[in-house]
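Open your viewer, get your selection tool ready, and come along for a walk from stop to stop. At each stop you will hear what to select and what to look for there.

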Amino acid sequence: MTIQNAANGGVLVLGAGELGACVLRELAKLRDAGQVASVSVLLRPGSGSAAMMRELEITVVEADLAVATEDALATIFSGFDQIICCTGFVGGLGTQRKITAAVLAAGVAHYIPWQFGVDYDVVGRGSGQDVWDEQLDVRDMLRSQRDVHWTIVSTGMFTSFVVLPEFGLVDLEQGVVRALGDWDYALTVTTPQDIGRLTALIAASWRDFDNQIIHVAGDTFTYSELADTLTTVLGRPFTCERLSVPQLKADAAAHPDDMMGKYRLAFARKDGVAWPKDQTLNSKLGMNVTDLAAWLCEWRDRGYDLD
């Protein structure tokens, strides 16, 4: 079923990509258990996710976030009690501000914005990532008002990003881990599946997390520990090669169109991109999540397939 506006309350998830699909599956389970109201998803016209939505009995709302106006989005959003943004940065710079403005104009009860990443408050502005600065703009917008309640979920990077060839953190053939900044700098990672479970839980009990920043983590480790874990899981040695911050800055300046180079620089820091696992929501709940070693074992058994 395709509609333009759903005046039925419930939850609207923006996007059904890797993370959005995980959130939707978990919300559908909670809906069937009577813990959340109806679940809908906003997709671009012609999206190929219709079969999954029929299977999960999720209503589809069609709109293109990149081109829709703030007023048009606010009209759609006003039919829902809760909005969960899972679109990432695909709409380009300014899209998350527009979505947030539309949420505020619609006056929904609760909003979980696209903040599934680092702790932007700690990182601050000027990280080298324009989209990270925009995340701080979104936080400012939410904190400057009182009508719409919100919860931010900080997750670190997706676990699979650690071995993504384009990111360049792990050279599988050479057996090298490239430490960004220093060997004892750390990363927090979480799988989309675990983020989906935790986000759905937060959405179902959002008053317990009202206007808070919630940290979750599948695992937190230093680059040295990453090399050790790879050595153990793959059964061959991995060494660490340090990429200093000045070197990363020079690389990013020399290749200004290289998004991954900017990401490597942005993650080369000792704070804001990692937090202790024992201080996370999943730890407090005693929830089992996939740590780095378990994920690497699965990845190895799939033949190093990231899809």
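Start by selecting Leu27 and, with it, Val11, Val13, Val36, Val39, Ile84, Ala200 and Ala203: Leu27 is in contact with these seven once neighbours within four places in sequence are left aside. Keep in mind as you look around that this is a predicted model.

**The nonpolar cores**

Now add Phe77 to the selection. Leu27 and Phe77 are the residues that touch the most other members of the largest nonpolar core, which has 60 residues. Colour helix H1, residues 18-32, next: H1 supplies the largest share of this core, seven residues. Another core lies apart from this one; it has 39 residues, including Met157, Ala266, Phe267 and Ala268.

**Helix H10 and its surroundings**

Two of those names lead straight to the next stop. Select helix H10, residues 259-267, and pick out its buried residues: Gly261, Tyr263, Arg264, Leu265, Ala266 and Phe267. To see what covers them, show elements such as helix H6 (130-143), helix H8 (223-234) and helix H9 (245-254). Strands E8 (157-158), E10 (176-180) and E11 (186-190) are also part of that cover.

Go to the N-terminal end of H10, where Asp258 acts as a cap. A side-chain oxygen of Asp258 lies 3.1 Å from the backbone nitrogen of Met260.

Then stop at Arg264, which lies in helix H10. Is Arg264 buried or exposed? Its relative accessibility is 18%, so Arg264 counts as buried, the cut-off being under 20%. Show the side chain and find its polar partner: a polar atom of the Arg264 side chain lies 2.9 Å from the backbone oxygen of Phe167. Beyond four places in sequence, Arg264 touches Glu166, Phe167, Gly168, Leu180, Leu248 and Asp258. Asp258 thus appears twice on this stop, as the cap of H10 and as a residue touched by Arg264.

**Val162, in a loop**

From E8, follow the chain to Val162, in the loop between E8 and strand E9 (170-171). Val162 is buried, with a relative accessible area of 1%. Select Met157, Leu169, Val170, Val189, Phe221 and Leu226 to see the contacts of Val162 outside its neighbours within four places in sequence. For a distance label, try Val162 to Gly79: the two are 83 residues apart in sequence, and their C-alpha atoms are 39 Å apart in space.

**Gln115, a buried polar residue**

Next, select Gln115, in the loop between strand E6 (110-112) and helix H5 (120-123). Gln115 counts as buried, at 0% relative accessibility. What does its side chain pair with? A polar contact of 2.7 Å joins it to the side chain of Arg139. Widen the selection to the residues Gln115 touches beyond four places in sequence: Tyr120, Gln135, Val138, Arg139, Ile152, Val153 and Ser154.

**The largest pocket**

Turn on a surface and look for the largest pocket, with a volume of about 1,300 Å³. Its lining has 46 residues, and those closest to the centre are Glu18, Leu19, Gly88, Trp114 and Phe158. Several elements give two or more residues to the lining: H1, strand E3 (39-43), helix H4 (95-106), E8, helix H7 (192-204), H10 and helix H12 (292-301). H1 gives the most, with three residues.

**Cysteines**

How many disulfides does a search of the whole structure find? Zero. Select Cys85 and Cys86 to see one reason: the sulfur of Cys85 has its closest cysteine sulfur in Cys86, 6.8 Å away, which is too far for a bond. Cys85 is buried, at a relative accessible area of 0%. Then try Cys240, whose closest cysteine sulfur, in Cys297, is 19 Å away and also too far for a bond. Cys240 counts as partly exposed, at 25% relative accessibility.

**Two positive phi angles**

Finish with the backbone. Most residues other than glycine have a negative phi. Asn211 is not a glycine, yet its phi is positive, about 55 degrees. Look for Asn211 in the loop between H7 and strand E12 (212-215), where it counts as partly exposed at 36% relative accessibility. The last selection is Tyr304, in the segment after H12. Tyr304 has a positive phi, near 65 degrees, and counts as partly exposed at 35% relative accessibility.

Conventions:
Residues numbered from 1 in each chain as written. Predicted model: local features only at pLDDT ≥ 70, side-chain atom pairs only at ≥ 80, totals over all residues. Heavy atoms only, no water. Core = buried A, V, L, I, M, F, W, Y, C linked by side-chain atoms within 4.5 Å. Buried < 20%, exposed > 50% of the residue type's maximum accessible area, 1.4 Å probe, protein only. Helix = DSSP H or I, 4+ residues; strand = E, 2+ residues; numbered from the N terminus. Contact = heavy atoms within 4.5 Å. Polar contact = N/O pair within 3.5 Å; in protein donor to acceptor, adjacent residues only side chain to side chain. Disulfide = S-S within 2.5 Å. 1 Å grid on protein atoms, 1.4 Å probe; cavity = no way out; pocket = protein on both sides within 12 Å on 5 of 7 lines; lining within 4 Å. Points joined across faces, edges and corners; volume = space filled by probe spheres on them.
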